[in-house]
Amino acid sequence: MSTLATRHHPASIFPDLSELFAGFPAMAGLRPIFDTRLMRLEDQMKDGRYIVRAEIPGVDPAKDIDITVRDGQLSIKAERTEKKDFDGRSEFSYGSFVRTVSLPACADENNIEATYDKGILTVSVVVAEPEATEHRVQVQSAAN
């Protein structure tokens, strides 16, 4: 049975302020200034896998999402661009997002799967049960 639990990311004062601004419609425009979680993530352990879900709506996963693993760190990078044409004018909006999470100690970095469905990216990593490393230690006695 796995002893790993759902990881909770440390909270920052800024997301709390962001949620405060969301409660006041006149100040809702200030929310992006304080929102440090532009790519929302959740992670959990389930059935021997570490699963990370990221909300990334409005992107083409084949060209806008880049997932890398290095030294036990899983990084998700995404870039969103949008162009709107109306009344002879064009409006562009774009943004890039990067989030990095630490993988569990026994994660198999060579066994990672990623899927994208309805704006949700799911990355799944196989996590092996830790091997028991118990061994006996011989006690030496001091000869006088």
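This tour moves from the whole chain to one sheet and then to four individual residues.

**The whole chain**

Begin with the entire protein chain displayed as a cartoon, bearing in mind that the model is predicted. The secondary structure amounts to 3 helices and 7 strands. Followed along the sequence, these elements appear in the pattern α-α-β-β-α-β-β-β-β-β. Switch next to a surface representation: the protein chain exposes about 10,900 Å², of which carbon and sulfur atoms supply 51%. Of its 144 residues, 24% count as buried. Among contacts between residues at least 6 apart in sequence, 48% join residues at least 24 apart.

**The sheet β3-β4-β5**

Return to the cartoon and select β3 (65–70), together with β4 (73–86) and β5 (89–102). These 3 strands form an open sheet in the order β3-β4-β5, with antiparallel pairing. At its edges are β3 and β5, each of which pairs on one side only. On average, neighbouring strands of this sheet are turned by 10° against each other, direction ignored. As a general point, the strands of a sheet pair through backbone hydrogen bonds, in either a parallel or an antiparallel manner.

Now restrict the selection to β3 and β4. These two strands run antiparallel and are joined by 6 bridges. To view one bridge pair, select valine 69 and leucine 74; the latter, in β4, is the bridge partner of the former.

**Glutamate 79**

Stay on β4 and select glutamate 79, which lies in this strand. Is glutamate 79 buried, partly exposed or exposed? With a relative accessibility of 43%, glutamate 79 counts as partly exposed, because that value falls between the 20% and 50% limits. Show the residues around it: leaving out those up to four places away in sequence, glutamate 79 touches Val59, Asp64, Gly95 and Ser96. Then add isoleucine 56 and draw a C-alpha to C-alpha distance. Glutamate 79 and isoleucine 56 are 9.2 Å apart in space and 23 residues apart in sequence.

**Two loop residues with positive phi**

Continue to the loop between β4 and β5 and select aspartate 87, which is placed there. What is notable about the phi of aspartate 87? Its value is near 50°, which is positive in a residue other than glycine. Aspartate 87 is also exposed, with a relative accessible area of 76%.

Next, select lysine 118, found in the loop between β6 (107–117) and β7 (120–127). Lysine 118 is not a glycine, yet it has a positive phi of about 55°. At 79% relative accessibility, lysine 118 counts as exposed, because this value is over the 50% limit.

**Serine 124**

From that loop, proceed into strand β7 and select serine 124. Serine 124 counts as buried at 10% relative accessibility, because the value is under the 20% limit. Which residues are in contact with serine 124, neighbours within four places in sequence aside? They are Arg49, Tyr50, Ile51, Asn111, Ile112 and Glu113. Finish by displaying the side chains of serine 124 and arginine 49, which make a polar contact with each other at 2.3 Å.

Technical notes:
Residues are numbered from 1 along each chain as its sequence is written. This is a predicted model: local features need pLDDT of at least 70, side-chain atom pairs count only at pLDDT 80 or more; totals for chains, interfaces and linings use all residues. Side-chain values use heavy atoms; hydrogens and water are left out. Helices (H or I, at least four residues) and strands (E, at least two) are DSSP runs, numbered from the N terminus. Buried means under 20% relative accessible area, exposed over 50%, partly exposed in between (1.4 Å probe, protein chains only). A polar contact is a pair of N or O atoms within 3.5 Å; within protein, one must be able to donate a hydrogen and the other to accept it, and residues adjacent in sequence count only if both atoms are side-chain atoms. Contact means heavy atoms within 4.5 Å. Two strands pair if DSSP finds at least two bridges between them. Axes are lines fitted to C-alpha atoms, for helices over the stretch in contact, and angles run from 0 to 180 degrees between N-to-C directions. Accessible areas come from the Shrake-Rupley method with a 1.4 Å probe; for residues, only the protein chains shown count as cover.
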